[in-house]
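Student: Could you take me through one part of this structure up close? I'd like a single connected walk, not a list.

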Amino acid sequence: MSQPVTLALFCKVVDNYGDIGICWRLARQLVHEHGIAVTLWVDDMHSFARICPRVDPHVAAQQVEGVAVYHWRDQEGTYFAEDVADIVIEFFAVDIPPGYVTAMAQRPVKPVWLNLEGLTAEEWVEGCHTLPSMHPRLPLTKHFFFPGFKGKTGGLPREAGLFGERDRFQQDPAAVAAFLGALGLDAAEQAACKVSLFCYPHAPVASLFDAWQRGGAPVACLVPEGVAKDEVRAFLGAEPVAGAVRTQGMLTVRVLPFVPQPDYDRLLWACDVNIVRGEDSFVRAQWAGRPFAWHIYPQDENLHHKKLRAFIARYCAPQYGAALDGASPDNAAAGRPDANALERLMLALNGVVEETDWLPLWQALSGSLEPLACRSANWQKALLENGDLASNLLTFARSVR
Amino acid sequence: MKPAKEIRVGNIIMVDAKPFIVLRSDVNGSSRTGFTYKWKMKNLLTNAPLENVFRGDDKFDVVVLDKKPVTYSYFADPLYVFMDEEYNQYEIEEENLGDALNYLKDGMACEAVFYDGKAISVELPTTIVRQIVYSEPAVKGNTSGNVLKEAKIENAIESKQHTVQVPLFVSQDDSIEIDTRTNEYKRVIRN
């Protein structure tokens, strides 16, 4: 079997930053850790430039951090067999330009064609991962590739040096203080319980703000510019631009500038609780090792509720619970107050269950930060056993080539 | 051309210029594009089984084959016998019936599908009504986590006892309408 050396990744931006966020991390990792020549086709260069300022949104073709970046303008265009990469990935089932598909079929050695699907903890994924999908008319076979949390899936995206970098940062209080200070946080905000907030517009942010204001301990909520605009504007009594800040009751809300990916990782590492959304920040929050709540991308027929419950069922499983003094892990997990608190908050955050008073939810969660951090560590340990998405993807590509 | 989401068990589709019969279809929520269809298929030329997965909007040529209304008559091990209005009998192999086996009932009306003059499968109506033969009673207060419960439905073949997810208010002996394309409960039929 010949070694694939080129890879084309097609990304359509629907969810603002999550799609390109995942693709960009994957593209960089394939280049830097595996020596693959990657071409990344992106339809929305402006979103891309926000998470990676080195990208010039006005340039159709450019080289960024070793990745060839092309503006994917439309479905037109003529492609030749020699244009086609050894591995072609359609991210989230995007439609590749028909001309490119035709050129794929014309290659003497057909490319490995993968549909890289969305992340879900649902069990059915394990039965569909790596299954073929024959093209109805052309001599091409695509394979479905599912990221996931168990051994029968493709795993999660994770760079080789991620944990080392995270640990060095978290164990260096001066570095953390300097980072937060550069974002504008004063000493009181740094000493408060720091919550990063990245959610979709329908999140019940006003309820959260209300609970934090009435809480028994200071909370500093750090929200990127453009997120939860209406609620943040109402709290601030001013436009929610980067640098805006206001304290009411026990809550301080601070609007942060939209930061590039590496700084967003540091923000997750520096906060005590992270509220994340979609897929990319959701995965990064898991690697951050801090308690987090997931605001999931909404889907028709409330499919996202199923996905959320499937994740909660896995993440809140007893085996990831922390052992209490003198208790066996099983006994300690039986009560699992940390998991209960997290589950209730996530269900309420996503509108799966109605909550009238969010203060008890927050108090239960903030009182469980230590066991939740243990749960996170146990969870990460289990995930590591399945390797990482980029390596698994290449291993599979080599097996079918 | 038909999208995958409109293709049903028993349909014959062309894949890479070869005819395949769809024997089983598992539908699951997928990414933002909708649903993922996992099909068990059989190559009608070679009889080779195949498992593939498709997006709901992947399009296929559906081979229009002769069909004839039939009713399920009896099981003549290892074949299932269907009968048309003129009392002609057609024997179909179990593996070709796919998910239709889950709903088989004496006298059940369906359509036999013919390929090369031979009955090769049956197509079920889009919706059918079946009685629930067993389901646990709903437990009061147990609604936050479990909004659905399992219900076994009547079936001519004991070994093929099929289960459908139904809402908690549905009880044993109720009749329910089921979508045979998705194996999903649609509504309860009560007089």
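Tutor: Let's start inside chain B, where 6 residue pairs are in polar contact across the interface of domain 1 of chain B and domain 2 of chain B, with both residues of each pair at pLDDT 80 or more. Keep in mind that this is a predicted model. On the domain 1 side of that seam, β3(B) makes the largest contribution, with 5 residues. By class, the side of domain 1 of chain B that touches domain 2 of chain B holds 7 nonpolar, 3 polar and 2 charged residues.

Let's place that seam in the chain. The domain assignment splits chain B into domain 1 (2-63), domain 2 (66-123) and domain 3 (127-189). The contact between domain 1 and domain 2 of chain B draws 12 residues from each, and their C-alpha centres are 21 Å apart. Between them they bury about 960 Å², with 53% of that on carbon and sulfur atoms. On the domain 1 side, Val9(B), Leu23(B) and Lys42(B) lose the most area to domain 2 of chain B, together 38% of what that side buries.

Lys42(B) is worth a second look, since its side chain also meets that of Glu93(B) in a salt bridge (4.0 Å, N to O). The rule finds 3 salt bridges across this domain interface. As for domain 2, a UniProt annotation from an unreviewed entry, "domain: Translation elongation factor P/YeiP central", covers residues 67-120 of chain B. That span is 56% strand and 7% helix, and its end C-alpha atoms lie 10 Å apart.

Now step out to where chain B meets chain A. Here 27 residues of chain B and 32 residues of chain A are in contact, and the two chains bury about 2400 Å² between them, 55% of it on carbon and sulfur atoms. Across this interface the rule finds 8 residue pairs in polar contact, again with both at pLDDT 80 or more. On the chain B side, β2 (12-15), β3 (18-29), β4 (35-43), β5 (49-55) and β6 (59-62) of chain B each give two or more residues. The largest share is that of β5(B), with 6 residues. By class, the side of chain B that touches chain A has 10 nonpolar, 10 polar and 7 charged residues. There are 2 salt bridges between the chains; Arg55(B) and Glu90(A) form a salt bridge through their side chains (3.4 Å, N to O).

That takes us over to chain A, which has its own domain seam. The domain assignment gives domain 1 (6-156 + 386-400) and domain 2 (162-384), with C-alpha centres 30 Å apart. Contact involves 27 residues of domain 1 of chain A and 27 residues of domain 2 of chain A. The two domains bury about 2300 Å², 54% of it on carbon and sulfur atoms. Arg25(A), Leu119(A) and Phe149(A) supply 28% of the area that domain 1 of chain A buries there, more than any other three residues.

Arg25(A) also pairs with Asp280(A) in a salt bridge, with the closest N and O atoms 2.9 Å apart. This interface has 3 salt bridges by the rule, and 10 residue pairs in polar contact, both at pLDDT 80 or more. On the domain 1 side, α1 (18-34) and α2 (45-51) of chain A each supply at least two residues, and α1(A) gives the most, with 6 residues. That side divides into 12 nonpolar, 7 polar and 8 charged residues.

Key: Residues are numbered from 1 along each chain as its sequence is written. Chains are lettered from A and ligands numbered from 1 in the order in which they are written. This is a predicted model: local features need pLDDT of at least 70, side-chain atom pairs count only at pLDDT 80 or more; totals for chains, interfaces and linings use all residues. Side-chain values use heavy atoms; hydrogens and water are left out. Contact means heavy atoms within 4.5 Å. Buried area is the accessible area (1.4 Å probe) that two parts lose on being put together, summed over both. A polar contact is a pair of N or O atoms within 3.5 Å; within protein, one must be able to donate a hydrogen and the other to accept it, and residues adjacent in sequence count only if both atoms are side-chain atoms. Helices (H or I, at least four residues) and strands (E, at least two) are DSSP runs, numbered from the N terminus. Ala, Val, Leu, Ile, Met, Phe, Trp, Tyr, Cys and Pro count as nonpolar, Asp, Glu, Lys and Arg as charged, and the others, Gly among them, as polar. Domain bounds come from an automatic or database domain assignment. UniProt positions are given in the numbering used here, feature names are shortened, and annotations may be inferred rather than shown by experiment.
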